[in-house]
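Welcome! Let us take a walk through a protein model together, starting with the overall layout and then stopping at a few places along the chain.

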Amino acid sequence: MWLVDLLLPGRCAACGREGPAICPECLGALGEIRPPLCARCGAPTAWPVERCRECAGRRLAFARARSAVAYEGSAVQLVLAWKDGGRRALARVAAAAVAGAVERPAVEAITYVPAARARELWRGHNTAAALAAELSRVWELPVAPVLDRVAESRPQRGLRLAERRRNVAGAFVARGIVPSSVALCDDVYTSGATVAAAASALRRVGAARVEVVTFARALRGGGLRGRS
Ligand SMILES: [Zn+2]
Ligand SMILES: [Zn+2]
């Protein structure tokens with residue numbers, strides 16, 4: 001289905017060229033994240049490790065995190081157009097990238113990081129929810145919209161890691177029937193602070209296992225990316 005969408009006239013979200021929602025060149029330029037990875041947080045590493053420099057010593061409420069592409073180059077442009085530009089068709093592009101790069105999580109349902117109310121209203125859509133909806137079709141998992149924001153946190157952009165953690169700590173609450181194993185969707189994994197806070201809300205009400213899935217992932221330290 002998403003291929004049909006890509007054939008409709010429009011503009012490439014990354015380079016602005018007239019044509020599909022993302023042109024073949026920019027699609028090909030997305031840096032797919034490939035093993036070896038940190039088993040826990042999914043950061044590309046030089047060899048397979050259980051915990052990496054980025055996540056060692058951190059209490060993470062999720063069992064593992066996996067992402068499709070590196071958050072750089074055309075992926076940044078794509079997320080900007082999708083999230084702030086309201087280009088909803090890009091949810092399918094993102095979901096296709098995730099389905100191609102990330103193994104289907106062995107979970108009962110899929111949920112997503114809820115958008116901050118004010119920002120969601122302004123944009124009129126939530127990219128994490130859209131990604132979860134697309135992936136629920138691909139992976140044949142029901143969507144369980146169980147997370148809610150209890151605090152209006154500041155945007156995470158521009159904050160340091162410790163500030164990011166403080167900013168989102170206690171920001172989420174899970175309501176209703178929460179599956180015992182659940183995939184948690186978001187558009188971008190930056191420091192992991194947001195998904196860790198959301199995962200801990202799920203764990204508090206009985207989810208035994210939370211697997212994080214995002215379209216893009218910010219890479220630290222550069223270089224080690226699993227692709228030459
Ligand atoms: Zn392009
Ligand atoms: Zn790690």
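In what order do the elements of the chain run from the N terminus on? Reading along, you meet α-α-β-α-α-β-α-α-β-α-β-β-α-β. That makes eight helices and six strands. Please keep in mind as you look around that this is a predicted model.

How far can you trust what you see? The chain has a mean pLDDT of 89, and 89% of its residues reach 70 or more. Residues 222–228 are a stretch where the pLDDT is below 50, although in the model this stretch still has 15 contacts beyond its near neighbours in sequence. Where pLDDT is low, the predicted coordinates should not be read in detail.

Now for the chain as a whole. It has 228 residues, of which 45% count as buried. If you take the contacts with a separation of 6 or more, 72% of them are between residues 24 or more positions apart.

A good place to look inside is helix α3, which spans residues 74–83. Why can we call α3 largely enclosed by the rest of the structure? The reason is that seven of its ten residues are buried. You can pick them out as S74, A75, L78, V79, A81, W82 and K83. Several elements help to cover these buried residues, including the helices α2 (24–29), α4 (90–101) and α6 (127–139). Strands take part too, among them β1 (64–70), β5 (181–189) and β6 (209–217).

Next, turn to the largest nonpolar core. In soluble globular proteins, nonpolar side chains tend to be buried together. Here the largest such core holds 74 residues, and the members that touch the most others are L131 and L184. Helix α8 (residues 193–204) gives the largest share of this core, with eight residues. To see how L184 is placed, look past its neighbours within four places in sequence: L184 is then in contact with F62, T111, Y112, V113, V195, A198, A199, L202, V210, E211 and V212.

Helix α8 also has a partner to show you. It packs with helix α7 (residues 161–168) at an angle of about 30°, and the two axes are 9 Å apart. An angle under 35 degrees counts as roughly parallel, so α7 is roughly parallel to α8. The crossing of these two helices is right-handed. On the α7 side the contact is made by L161, R164, R165 and V168, and on the α8 side by A193, T194 and A197.

Finally, let us visit two loops. The loop between α2 and β1 is home to P36 and also to W47. The peptide bond from P35 to P36 is cis, with omega near 5°. Is W47 buried or exposed? W47 has 8 other C-beta atoms within 10 Å, and a residue with 12 or fewer is exposed, so W47 is exposed. W47 and L37 lie ten residues apart in sequence, while their C-alpha atoms are 7.1 Å apart in space.

The other loop runs between α6 and β3 (147–149), and there you will find E140. E140 is not a glycine, yet it has a positive phi of about 50°. With 8 other C-beta atoms within 10 Å, E140 is exposed.

How values were computed. Residues numbered from 1 in each chain as written. Chains lettered and ligands numbered in written order. Predicted model: local features only at pLDDT ≥ 70, side-chain atom pairs only at ≥ 80, totals over all residues. pLDDT = per-residue confidence, 0-100. Contact = placed C-beta atoms within 7 Å. Buried ≥ 20, exposed ≤ 12 C-beta atoms within 10 Å, placed from the backbone. Helix = DSSP H or I, 4+ residues; strand = E, 2+ residues; numbered from the N terminus. Core = buried A, V, L, I, M, F, W, Y, C linked by C-beta atoms within 7 Å. Axes fitted to C-alpha atoms, helices over the stretch in contact; angles between N-to-C directions. Parallel < 35°, antiparallel > 145°, perpendicular 65-115°, else oblique. Left-handed = near helix turned anticlockwise from the far one by under 90°.
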